[in-house]
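Hi,

Here is the structure I promised to pass on. Have a look at it first, and then read my notes below.

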Amino acid sequence: MSTAPIPILLIDDQPLMAAAMRRLLATAPEFAMHYCQDPCRAVAEVGAALPAAVIVDMVMPGVGGLEVIRRLRDNPGTATVPIVMMSSIDDPFTKAEALDAGADDYLIKLPDAQELVARLRALLRRARWGRAAVTAPPA
């Protein structure tokens, strides 16, 4: 019996990056990548696609990744979705800024397939544990 693939939504303005990420995630058949090129539509796309996790590019025209994350966190329908910020910027200040904005993890672009898959699995595992803790009956 097979299970449905776990939907992961990539928000990135560059189609070439989407193609590269799709190839990386293809190494893990449990994931199915969905793609949103327009950061202005990010909240609507997350609400419609109901992904298990979202990967957001940091630098995009119009609405940057930090603002996308803030909008997702401010919207009750998307506030709890796990978010990974992805950027070519590799400095502690930027990483801290993304995590403080609401990202759950930060990856340097373009990640290794094995690391990407392992981080997504860990992120989803932590999200399941959090939901289980919230719904568990009091001891």
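A quick convention before anything else: two strands are taken to pair if DSSP finds at least two bridges between them. On that basis E3 and E4 are partners, with 4 bridges between them in the parallel sense. One thing to keep in mind throughout is that this is a predicted model.

**The sheet**

Let me start with the overall layout. The sheet is open and has 5 strands, which come in the order E2-E1-E3-E4-E5 with parallel pairing. At its edges are E2 (31–36) and E5 (105–108); each has a single partner strand, so one side of each lacks a neighbour in the sheet. From one strand to the next, the twist averages 25°.

E4 is the strand I spent some time on. On the E3 side, Ile83 of E4 has Val54 standing opposite. Towards the edge, E4 (residues 83–87) is joined to E5 by 4 bridges, and these two strands also run parallel. If you want a residue pair to look for there, Met86 has Leu107 as its bridge partner in E5.

So is E4 buried or exposed? 5 of the 5 residues of E4 are buried, so the strand is largely enclosed by the rest of the structure. Going by side, Ile83, Met85 and Ser87 point one way, while Val84 and Met86 point the other way, and all are buried.

**Helices on the sheet**

Two helices to pick out here are H2 and H4. H2 (residues 42–49) lies across E1 (6–11), E2 and E3 (53–57), and runs at about 170° to E1. H4 (residues 92–101) also packs on the sheet, where it touches E4 and E5, and its direction makes about 140° with that of E5.

**Helix against helix**

The usual way to describe two packed helices is by the angle and the distance between their axes. H3 gives us two such cases.

With H4 as its partner, H3 (residues 65–74) has its axis come within 9 Å of the H4 axis, and the two cross at roughly 20°. An angle under 35 degrees counts as roughly parallel, so that is how H3 stands to H4. The crossing of H3 past H4 is right-handed. Leu66, Ile69, Arg70 and Arg73 make the contact from H3, and Glu97, Ala98 and Ala101 make it from H4. By type, the residues of this contact are 4 nonpolar, no polar and 3 charged.

With H2 as its partner, the axes of H2 and H3 again come within 9 Å, but here they cross at roughly 50°. That makes H2 oblique to H3. H2 passes H3 in a right-handed crossing too. In this contact, Ala42, Val43 and Val46 of H2 meet Val68, Arg71 and Leu72 of H3. The split is 5 nonpolar, no polar and 1 charged.

**Leu72**

Which residues does Leu72 touch, leaving aside its neighbours within four places in sequence? They are Ala42, Val43, Val46, Val54, Thr78, Ala79 and Ile83. Leu72 sits in H3 and has a relative accessible area of 0%, so it is buried. For a sense of the spacing, Leu72 and Ala44 are 28 residues apart in sequence and 9.5 Å apart in space, C-alpha to C-alpha.

**Backbone oddities**

Most residues other than glycine have a negative phi, and most peptide bonds are trans. There are two spots worth checking against that.

Leu50 is not a glycine, yet its phi is positive, about 50°. You will find Leu50 in the loop between H2 and E3, and with a relative accessible area of 63% it is exposed.

The peptide bond joining Lys109 and Leu110 is cis, with omega about -10°. Leu110 is in the loop between E5 and H5 (113–135).

**And one from the surface**

Asp100 is part of H4. Its relative accessibility is 72%, so it counts as exposed. Asp100 and Asp112 are 12 residues apart in sequence, and their C-alpha atoms are 24 Å apart in space.

That is everything I have for now. Let me know what you make of it.

Cheers

How values were computed:
Residues are numbered from 1 along each chain as its sequence is written. This is a predicted model: local features need pLDDT of at least 70, side-chain atom pairs count only at pLDDT 80 or more; totals for chains, interfaces and linings use all residues. Side-chain values use heavy atoms; hydrogens and water are left out. Axes are lines fitted to C-alpha atoms, for helices over the stretch in contact, and angles run from 0 to 180 degrees between N-to-C directions. Contact means heavy atoms within 4.5 Å. Angles under 35 degrees count as roughly parallel, over 145 as roughly antiparallel, 65 to 115 as roughly perpendicular and the rest as oblique. A crossing is left-handed if the near helix is turned anticlockwise from the far one by less than a right angle, and right-handed if clockwise. Ala, Val, Leu, Ile, Met, Phe, Trp, Tyr, Cys and Pro count as nonpolar, Asp, Glu, Lys and Arg as charged, and the others, Gly among them, as polar. Buried means under 20% relative accessible area, exposed over 50%, partly exposed in between (1.4 Å probe, protein chains only).
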